[in-house]
Amino acid sequence: MCDEHGAADAETDGPPTSGELLAQHAPALLHEAQVGLFVLDVVDQRILYANPYFAELVGRTPEELLTIPVLDMVEPEYRNLVAERLRERIAGKPVAPYTVIGRRKDGTNFDAHIAGRRLEVDGRLALVVTITDLSDYNRVLRQTQRIQAQKEAAEAAAEAKSRFLAAVNHDLRQPLHAIELISTALRRTQAHPAALLLCDRIDQAATSMTALLDSLLDVYRLDSGALHPNVRTFPVGDLLRDLGSEFGPVARDRGLRLRVTRTTKTVVSDPAILRRILANLVNNALRYTQQGSVQIVCRRDASGVRIEVRDSGPGIARDEHERIFDEFTRGTSSADCPPGTGLGLNIVSRMASALQAPVTLRSEPGRGSVFAVTLPRGPDVAIPSAGQPAEPAAAALPQFSETG
Ligand SMILES: Nc1ncnc2c1ncn2[C@@H]1O[C@H](COP(=O)(O)OP(=O)(O)OP(=O)(O)O)[C@@H](O)[C@H]1O
Ligand SMILES: [Mg+2]
């Protein structure tokens, strides 16, 4: 196509210009190009030259390409379009690059992105056409679009679920609160033991429902991504003392001792989330322990501050240690207990993950359970929390082997 340039260069003085070098190496460049390229005679619409990349792309030899109509390399439904674009190019009209389905010799397809321009080759009008195979690109694009659509559908479903949970939570809390008020009012007007017993039942039912709504709210916050830990340094003793006050009456009703250790330790965490974690653990301990005690113990260890909820309850078999942290999963120890949803420990583990606070369990059937959460330690404060028992000696507590 342009080999006379080499002879001209040899006659000029000095080093060749970049234009001359380009002209000299053009055939090699076209040959090696990693894009399909062919030169089309506009009169008989036959290929005059095709580079190896194009030949490979359409699954034919370069020689074979010189003998077949160019439209044979396009799927039939695109042939009119390609013919029309060729006519426009030949007429000198501007034609933007476009994509059609190309056809290989073996009948397989590829996404052919076509661009071209008019050119004079050896005094004849020709078109130089480049073909880029967009199959891989389009495949990835389609996959990405499919994944994006699936992600959006999953997000929409999660959002709908969250909205539903939030609405249920809101709508049920108000009548529940009213039931609690009515029960309190009723208790004041009734002295009959049977009536008071019924008031107790109403209170128990309301308490269970409040706990369930708290769990639903937790799940809603976890699922919707609305749980944003607000981490700060705070004295853990205050939080433990509050838990003691909250659960003291429950323990008394169940005939159990609830002991909370006094501590001046501080931790770096989110107090509200930590409180929900510990409340779930204490609630379980009090629910599943038939007699004896529940202790909330705080101790320092190599990784930070470890808060343990220990109980003298039935214990948990080893093969259940992992499973009970799954959603809606209850263990054998709950067989004779009031109905629960099996959500508590799942919430504990998800919230603990949000706090990056590992949760561990030591337990064996008949030897009680120790659930522990470990938090980063802050500086100790010199404010002793009064009125609480000191931390019991470690030796006085049951010893278990570590799991999880
Ligand atoms: N302190 C414990 N002692 C013995 N078994 C326990 C203890 N804590 C949890 N379990 C077992 O783990 C199971 C799962 O506990 P989880 O808190 O997730 O659900 P739940 O208490 O059954 O129901 P929910 O907390 O949703 O009301 C319980 O059903 C129980 O069998
Ligand atoms: Mg529970």
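Start by selecting leucine 258 and valine 294: valine 294, in strand S9, is the bridge partner of leucine 258. You are looking at a predicted model, so keep an eye on confidence as you go.

**Stop 1: strands S7 and S9**

Now widen the selection to strand S7 (residues 257–260) and strand S9 (residues 293–301). These two strands pair in the parallel sense over 4 bridges. Look at the side chains of S7: Leu258 and Val260 make up its covered face, while Arg257 and Arg259 make up the uncovered one. In a regular strand, side chains alternate between the two faces of the sheet.

**Stop 2: the largest nonpolar core**

Which residues have the most contacts inside the largest nonpolar core? Select Leu243, Leu278 and Val282 to see them; the core has 43 residues. Helix H9 (271–288) gives the largest share, 9 residues. Among the other elements that give two or more residues are helix H7 (193–223), helix H8 (236–253), S7 and S9. Nonpolar side chains tend to be buried together in soluble globular proteins.

Zoom in on leucine 278. Leaving aside residues up to four places away in sequence, leucine 278 touches Leu243, Ile307 and Val309. Next, select Leu40, Val58, Val74 and Ile114, which are included in a second, separate core of 22 residues.

**Stop 3: around ligand 1**

Click on ligand 1 and show what surrounds it. There are 21 residues, and the closest are Arg330, Gly331, Ser334, Gly340 and Gly344. Which elements give two or more residues to this shell? They are helix H9 and helix H10 (344–354). Colour the shell by residue type and you should find 7 nonpolar, 12 polar and 2 charged residues.

**Stop 4: a three-stranded sheet**

Select S6, S8 and S13. These 3 strands form an open sheet in the order S6-S8-S13, with antiparallel pairing. Strand S6 (232–235) and strand S13 (377–378) are the edges, each pairing on one side only. Strand S8 (residues 266–269) is joined to S13 by 2 bridges. To see one position up close, pick valine 267, which stands opposite arginine 377 in S13.

**Last stop: confidence**

Finally, colour the chain by pLDDT. The average is 86, and 89% of the residues score at least 70. Where is confidence lowest and where is it highest? The lowest mean, 42, belongs to helix H1 (residues 4–11), and the highest, 98, to S12. The pLDDT is below 50 over residues 1–11, a stretch with 12 contacts in the model beyond near neighbours in sequence. Residues 384–404 also stay under 50, and here the model has 36 contacts beyond four places in sequence.

Notes: Residues are numbered from 1 along each chain as its sequence is written. Chains are lettered from A and ligands numbered from 1 in the order in which they are written. This is a predicted model: local features need pLDDT of at least 70, side-chain atom pairs count only at pLDDT 80 or more; totals for chains, interfaces and linings use all residues. Two strands pair if DSSP finds at least two bridges between them. A residue is buried if 20 or more other C-beta atoms lie within 10 Å of its own, exposed if 12 or fewer, and partly exposed in between; C-beta atoms are placed from the backbone. A residue is near a molecule or strand if its C-beta atom, placed from the backbone, lies within 6 Å of it. Ala, Val, Leu, Ile, Met, Phe, Trp, Tyr, Cys and Pro count as nonpolar, Asp, Glu, Lys and Arg as charged, and the others, Gly among them, as polar. A nonpolar core is a set of buried Ala, Val, Leu, Ile, Met, Phe, Trp, Tyr and Cys residues joined through C-beta atoms within 7 Å. Two residues are in contact if their C-beta atoms, placed from the backbone, lie within 7 Å. pLDDT is the predictor's confidence in each residue, from 0 to 100.
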